Amino acid sequence: DVAHLLADGDIAALNFEGNLCGAPYGAESAPASLAQALDRAGVDLVQLANSYSISRGLSGLSDTINSIRAAGMEPLGVYADQEEARKGKGYTVCDVNGIKVGFVAFTKGMDGLALPADGAGCVNVLYTDYDSVYQTVDTKGISAVLDALNQEAPDVTIALLHWGSEYNDTISSSQEKIVALLQSK
């Protein structure tokens, strides 16, 4: 029902909470054909830094990223492996009708899961304690991404953040700190 709205936009981004890594299908995994359907619906960018980024491990993350790219879309906030993470910038810049738009994507955490040693840096996180209490803002990591993006002088920056608690509208002090950090950059 929303495909025409997405297709009519100059650029469309969405948050995809799941993996595209094969059966069994369910809440955490969908067929790779979903990526082609999203692309046909007009989606350009897919925010993957969220609760389910690594629910199927690093191989699930890599399969999901590869499916998104194969469908012609750009994944945001994640990398397939450490080598890609080292080469990556942590952001994406798009030209939208002559306007240079920077996109960053971060998550508060991944349902209590920690990145394995060989996956450090594969998901942009907002907190250094992203696998537990979400209290210590990763100021250094967030700033590094934003500072690198600012070197490209975008006209506007859009931050796609996966954060907060379900069924709770209260803004935490750490979220306020993150907003201030984003606005200062």
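**Entry 1. Overall make-up**

How many helices and strands does the secondary structure of the protein chain come to? I looked this up first and noted 6 helices and 6 strands. I record here that the model is predicted. Following the sequence, I read the pattern as α-β-α-β-α-β-α-β-β-α-β-α. I then looked up the radius of gyration, which is 16 Å and close to the 16 Å that the globule rule gives for 185 residues, so the protein chain is as compact as a globular protein of that length. Along the principal axes, the C-alpha atoms fill a box of roughly 40 × 40 × 35 Å.

**Entry 2. Burial, surface and contacts**

I asked what share of the 185 residues is buried, and the value is 41%. The protein chain exposes about 9,400 Å², and I noted that carbon and sulfur atoms supply 50% of this area. I also looked up contacts with a separation of 6 or more: residues 24 or more positions apart account for 68% of them.

**Entry 3. Strands 4, 5 and 6**

I turned next to strand 5, residues 99-107. Is this strand largely enclosed or left open by the rest of the structure? I found that 7 of its 9 residues are buried, so strand 5 is largely enclosed by the rest of the structure.

Strand 5 pairs with strand 4, residues 91-96, in antiparallel fashion through 6 bridges. Within this pairing, I noted Cys94 with Val101 as its bridge partner, and Val96 standing opposite Ile99. The hairpin of the two strands has 2 residues between them, and I recorded that Asn97 takes a positive phi near 55° there.

Strand 5 is also joined to strand 6, here in parallel, by 7 bridges. In this pairing I noted that Val104 has Ala159 as its bridge partner in strand 6.

**Entry 4. His162**

I located His162 in strand 6, which covers residues 156-162. Is His162 buried or exposed? Its relative accessibility is 12%, and the limit for a buried residue is under 20%, so I entered His162 as buried. The side chain of His162 makes a polar contact of 3.5 Å with the side chain of Ser51. Leaving aside residues up to four places away in sequence, I listed the residues that His162 touches; among them are Asn15, Glu17, Gln47, Ala49, Asn50 and Ser51. The list for His162 also includes Phe106, Thr107, Lys108, Gly109 and Leu126.

**Entry 5. Thr64**

I found Thr64 in helix 3, residues 57-70. At 2% relative accessibility, Thr64 counts as buried. Which residues does Thr64 touch, not counting those up to four places away in sequence? I noted Gly18, Asn19, Leu20 and Leu48. I also looked up the separation of Thr64 from Ala12, which lies 52 residues away along the chain: their C-alpha atoms are 19 Å apart.

**Entry 6. Aromatic rings**

I searched the whole structure for aromatic pairs, and the search gave 1 pair. The rings of Tyr127 and Tyr134 have centres 6.0 Å apart and planes at 50°, so I entered the pair as tilted. The reasoning rests on the angle: planes under 30 degrees apart would count as stacked and over 60 as edge-to-face. I also looked up the accessibility of Tyr127, which is buried with a relative accessible area of 3%.

Definitions and conventions. Residues are numbered from 1 along each chain as its sequence is written. This is a predicted model: local features need pLDDT of at least 70, side-chain atom pairs count only at pLDDT 80 or more; totals for chains, interfaces and linings use all residues. Side-chain values use heavy atoms; hydrogens and water are left out. Rings of Phe, Tyr and Trp (its six-membered ring) pair if their centres lie within 6.5 Å; planes under 30 degrees apart count as stacked, over 60 as edge-to-face and the rest as tilted. Buried means under 20% relative accessible area, exposed over 50%, partly exposed in between (1.4 Å probe, protein chains only). Two strands pair if DSSP finds at least two bridges between them. Helices (H or I, at least four residues) and strands (E, at least two) are DSSP runs, numbered from the N terminus. The radius of gyration is taken over C-alpha atoms; the globule rule is 2.2 Å times the number of residues to the power 0.38. Contact means heavy atoms within 4.5 Å. Accessible areas come from the Shrake-Rupley method with a 1.4 Å probe; for residues, only the protein chains shown count as cover. A polar contact is a pair of N or O atoms within 3.5 Å; within protein, one must be able to donate a hydrogen and the other to accept it, and residues adjacent in sequence count only if both atoms are side-chain atoms.
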